[in-house]
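Visitor: I am new to this structure. Please take me to one part and go through it closely.

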Amino acid sequence: MHYTGTELEVFRHAKNYKHYVRQKLSPYIGQKVLEVGAGIGGTTRVFADDNYQRWLALEPDDTLVASLHEQKLRGQLPDFVEIQQGTVQDLSSEGDFGTLLYIDVLEHIEAHQAELLSASQQVAIGGYIIVLSPAFQFLYTPFDEAIGHYRRYRRSDLRDLTPDNCRVTDAFYLDAVGMLASVANLLVLRSSQPSLSQIKFWDSTIIPMSRVLDPLVGFNFGRSVICVYERVR
C-alpha cells in the first residue's frame, strides 16, 4: 500500500498543534498504545515521550515504515516504540491496548465504520479509541481530495460510527480560529494547498489564539473534530 498524500512533510512543522492535541487527549492515553497510520512519525515524536509499557506504530506504506525505522536508528523515536507495517485488520489477535489513536487517519479510510469495529477488538475493555479528523464537509476542498480524504466529519457523524461494544466518552472540536481561517480561505483566497510559511504561521499564531478561544466557545466548533470511544464490553 502506498500513501499518495503530499502534506506530511509540511505538517510535521505543526508542533504547537500536536502538543495542544496531546494535552487535550492525555486523560485517555494509557500505557499500551496502538497508533494507527503513524505516517512519518509526527504524532509519535510528540506523544511518545514518556516510558510507555508499549507503543506500536502501525503504518501500511512501506516507504513510510522505512522512514520510521531510520528515525528510530537515529534516536529520533524512543527505543520502546515498535514499528509494524500493516493495518488493524492485519493484527493477528485481539489486543489489550489501553488506547488506539487515529490522528488524521480515519478520513483516509473508505470503510470507516468497519475500521472502527476492527479497532474495537484491539482495545481492552475500559480502554479508548481516539479519532481526530478534519471537521465539516462544507470545508472539503480539492486539497482534501488530492491527499486522499474521503470526507470531513461533524461531531454527530463520528458519534454515528460508534461500534456496538463501545460508547462515546467525549466529542469536541479544536482550533476555532483555524476554522475561521479555513472559511476565509474557501471564500476569498481559494488556496489549493497550504505552503510551509502558511503552516508555520498557523502553528505559531493561530493555534495559540485557538487555545484561548476554544474554551470560550465550549469546544463547539473548530477545524478539527475529536471523538473518544470507550470499549464497554
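Guide: What follows is a close look at D203 and its surroundings, then at some charged pairs elsewhere. Keep in mind that this is a predicted model.

Start with the place. D203 lies in helix α9, which covers residues 196–216. D203 is buried, yet it has no salt bridge. Which side chain of opposite charge is nearest to D203? That is K15, and it is 8.3 Å away. A salt bridge needs the two charged groups within 4 Å, so this pair does not count as one. The backbone of K15 tells another story. Its nitrogen lies 3.1 Å from a polar atom of the D203 side chain.

Now the neighbours. Leaving aside residues within four places in sequence, D203 is in contact with H13, A14, K15, N16, Y17 and P208.

Next, step back to the helices. Helix α2 spans residues 15–25. The axes of α2 and α9 come within 8 Å and cross at roughly 25°. Because that angle is under 35 degrees, α2 counts as roughly parallel to α9. On the α2 side, the contact is made by K15, N16, Y17, Y20 and Q23. On the α9 side, the residues include W202, D203, S204 and I207.

Finally, the salt bridges. The structure holds seven. One of them joins the side chains of R54 and E82, at 2.9 Å from N to O. R54 sits in strand β2 and E82 in strand β3, 28 residues apart. In another, D144 meets R152 at 3.1 Å. Both D144 and R152 are buried.

Terms used:
Residues are numbered from 1 along each chain as its sequence is written. This is a predicted model: local features need pLDDT of at least 70, side-chain atom pairs count only at pLDDT 80 or more; totals for chains, interfaces and linings use all residues. Side-chain values use heavy atoms; hydrogens and water are left out. Helices (H or I, at least four residues) and strands (E, at least two) are DSSP runs, numbered from the N terminus. Buried means under 20% relative accessible area, exposed over 50%, partly exposed in between (1.4 Å probe, protein chains only). Lys and Arg count as positive and Asp and Glu as negative; His and the chain ends are not counted. A polar contact is a pair of N or O atoms within 3.5 Å; within protein, one must be able to donate a hydrogen and the other to accept it, and residues adjacent in sequence count only if both atoms are side-chain atoms. Contact means heavy atoms within 4.5 Å. Axes are lines fitted to C-alpha atoms, for helices over the stretch in contact, and angles run from 0 to 180 degrees between N-to-C directions. Angles under 35 degrees count as roughly parallel, over 145 as roughly antiparallel, 65 to 115 as roughly perpendicular and the rest as oblique.
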